[in-house]
Amino acid sequence: MSYSIHTINSNTDMNQNSLEYNEYFLIDASSGNIDITLPANKGDGSFYQFHRTDESNNIVSFFPSSGETVNNTTSITLPINRYVQPIKISDNWIFSIISIN
């Protein structure tokens with residue numbers, strides 16, 4: 001499987017992009033906090049991969065689209081040196097955050 005690789009370094013609404021389900025994102029929050037809105041209307045089993053590359057104290061937050069949740073809540077943050085592959089199940093994005101150290 002091949003991945004398209006994208007860089008995120010500012011607030012991003014993934015609904016504004018035409019993304020496939022196997023996209024890989026490198027996140028650099030060294031310039032400030034970043035809010036990422038996950039895409040709506042993706043089918044069960046859809047997933048993305050996010051890798052935080054900076055070691056700043058800035059905050060990277062994920063938010064669901066309207067009517068959806070992230071780990072059955074309204075948002076989740078990605079600490080430094082972490083990787084996550086959220087998977088869409090019904091109206092919920094399931095996150096398991098993994099250390100990369």
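This report walks through a predicted model of a protein chain, from the overall fold down to a few residues.

**The chain as a whole**

Let's start with the big picture. The protein chain holds 0 helices and 12 strands, so its pattern along the sequence reads β-β-β-β-β-β-β-β-β-β-β-β. How does the radius of gyration compare with what the globule rule gives for 101 residues? The value is 13 Å, close to the 13 Å from the rule, so the chain is as compact as a globular protein of that length. Along its principal axes, the C-alpha trace spans about 35 × 30 × 25 Å.

Of the 101 residues, 40% are buried. The chain exposes about 5500 Å², with carbon and sulfur atoms supplying 44% of that area. Contacts also reach along the sequence: among those between residues at least 6 apart, 56% join residues at least 24 apart.

**A three-stranded sheet**

Now for one sheet that is handy to find in the viewer. Here 3 strands form an open sheet in the order β7-β11-β10, with mixed pairing. Its edge strands are β7 and β10, each of which pairs on one side only. Strands β10 and β11 run antiparallel and are joined by 3 bridges. One bridge links Ile 89 to its partner Asn 92 in β11.

The strands of this sheet sit at these positions:

| Strand | Residues |
|---|---|
| β7 | 69-70 |
| β10 | 87-89 |
| β11 | 92-94 |

**A nonpolar patch on the surface**

Which residues form a nonpolar patch on the surface? They are Ile 87, Ile 89 and Ile 94, and together they have about 220 Å² of accessible area. Ile 87 is found in strand β10, an edge strand of the sheet described above. Is Ile 87 buried, partly exposed or exposed? Its relative accessible area is 32%, so Ile 87 counts as partly exposed.

**Met 14, a buried loop residue**

For a contrasting view, turn to Met 14. This residue lies in the loop between β2 (12-13) and β3 (23-27). Why does Met 14 count as buried? The cut-off for buried is under 20% relative accessible area, and Met 14 counts as buried because its relative accessibility is 2%. Met 14 also has a partner worth locating on screen: Pro 39 is 25 residues away in sequence, yet the two C-alpha atoms are 5.1 Å apart in space.

How values were computed:
Residues numbered from 1 in each chain as written. Predicted model: local features only at pLDDT ≥ 70, side-chain atom pairs only at ≥ 80, totals over all residues. Heavy atoms only, no water. Patch = residues over 30% accessible without salt bridge, like charges linked within 9 Å, V, L, I, M, F, W, Y side chains within 5 Å. Areas by Shrake-Rupley, 256 points an atom, 1.4 Å probe, with all protein chains shown as cover. Salt bridge = Lys/Arg side-chain N within 4 Å of Asp/Glu carboxyl O. Helix = DSSP H or I, 4+ residues; strand = E, 2+ residues; numbered from the N terminus. Buried < 20%, exposed > 50% of the residue type's maximum accessible area, 1.4 Å probe, protein only. Pairing = 2+ DSSP bridges. Rg over C-alpha atoms; globule rule 2.2 N^0.38 Å. Contact = heavy atoms within 4.5 Å.
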